[in-house]
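Biologist: Could you walk me through a protein chain, one question at a time? I am new to this, so please take it slowly.

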Amino acid sequence: MTVGTNSPSRALKGNAIDTWVARASGMATVGTLALAGFGYFYTVLPVFQNQKLQEDNAKLQLDNEAAEKRNKAQLQRQDELAKKTLQMQVELENQKTALNLASKNAANAIVREESAVRQAAEASSQMKAQYADLDKARVKLAITHLETVLVFKDINANEKFSSAVYLEGDDATFIKAAKDAWPSPFPIISSAWNEASQDKTVPFAYFQRLRVAIDEHADQLTCTKPDLDSLANQYDVERKAVLDGLEKKSKDELERQRVEAERNGKKLLIEPDIIPRFEQQFKITDMYSLRKKYRETMIDAATPCTKKLSEFMKKLPLEFGVDPV
């Protein structure tokens, strides 16, 4: 009974021990796990983390060094770029300055070109005006030379004509001589041109222009010359009539004087040579009057010829647009 009575108690104690052992085992397991967790978190994990941190730190240091190198390279590149940018800016400014200067120079060049063109035009205009003045001056000088020579040629021609017209003698020789000495304008001015054109102070081309003008106006430098042969024959007829009438005219004069003397109660004394003396006197006066008439006829016919020269020389400068000499 007793045995029977103790067995249940032991069983209960055994169960309690097992329970506590189980609990203690569980607690040990939990403690082990806690210790393991503690060790992991406070020993393994820190070591691992420290190693990882070291590796990360080393890697970071390498990365930093690489980044620093890259930064240095970039900074150097930036410096180079900055220097190059500055250089390019300086060059750009220089180019802008050069461009502005070139623009100004171009503008100034355009202004200078326009000014040069204007000056060239003005110079050309002045040169043309000066050349025109020089041309006119040379033409005027050529005309002056021509007119100077022409004055002497005209005087000589008129003197020659006058000498022929006033040639002594009762016959028609003076009329025939005037025929060869007739003052025809065109031959006179042609002779004057031949002599004047030898002057070397004026280019020959200007005298040539005068020659052209003279030839073009040849019709203005001609004058009608009377038929001097017929005039000489007519003079001979009148001269013969004068000579043939001298005796009758002398006798008529003697009779007139005798009648005049008787009217006055006087008697005319007649000398033996009175008729020849009357004839000589009448011959002198009548032949003088006859020659004077024919001389005046020739001089009147020659006067327009002389005037044509002076008229032509007055018009000649106008042909070239210069003032009369």
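Biologist: Among contacts between residues at least 6 apart in sequence, what share joins residues at least 24 apart?

Modeller: Happy to start there, and please keep in mind that this is a predicted model. Take the contacts in the chain between residues at least 6 apart in sequence, then keep those that join residues at least 24 apart. The share that remains is 81%.

Biologist: How many helices and how many strands does the chain have?

Modeller: Let's read along the sequence: the pattern is α-α-α-α-α-α-α. The secondary structure therefore comes to 7 helices and 0 strands.

Biologist: What percentage of the residues count as buried?

Modeller: A residue is called buried when its relative accessible area is under 20%. The chain has 325 residues, and the part of them that counts as buried is 22%.

Biologist: Where do the buried residues of α4 lie, seen down its axis?

Modeller: Helix α4 covers residues 204–216 and reaches 18 Å from its first C-alpha to its last, close to the 18 Å expected. Its buried residues are Tyr206, Phe207, Leu210, Arg211, Ala213 and Ile214. Seen down the axis of α4, they fall within an arc of 165°, so they line one face of the helix.

Biologist: Which residue forms a salt bridge with Asp215?

Modeller: Here is the idea: side chains of opposite charge can pair when their charged atoms come close. Asp215 is partly exposed, at 42% relative accessible area, while its partner is buried, at 12%. The two are 4 residues apart in helix α4, so about one helical turn separates them. With the closest N and O atoms 2.9 Å apart, the partner is Arg211.

Biologist: Which residue of helix α6 forms salt bridges with Glu255 and with Glu262?

Modeller: Glu255 is 3 residues from this partner in helix α6, and Glu262 is 4 residues from it; each pair is separated by about one helical turn. The N to O distance is 2.4 Å for the bridge with Glu255 and 2.5 Å for the bridge with Glu262. The partner counts as partly exposed at 28% relative accessibility. Its name is Arg258.

Biologist: Which residues are joined into one network by salt bridges that share partners?

Modeller: A search of the whole structure finds 16 salt bridges. Some of them share partners, and the residues joined in one network this way are Asp170, Lys283 and Arg291.

Key. Residues numbered from 1 in each chain as written. Predicted model: local features only at pLDDT ≥ 70, side-chain atom pairs only at ≥ 80, totals over all residues. Heavy atoms only, no water. Expected span 1.5 Å × (residues − 1). Buried < 20%, exposed > 50% of the residue type's maximum accessible area, 1.4 Å probe, protein only. Arc of directions from axis to C-beta. Contact = heavy atoms within 4.5 Å. Salt bridge = Lys/Arg side-chain N within 4 Å of Asp/Glu carboxyl O.
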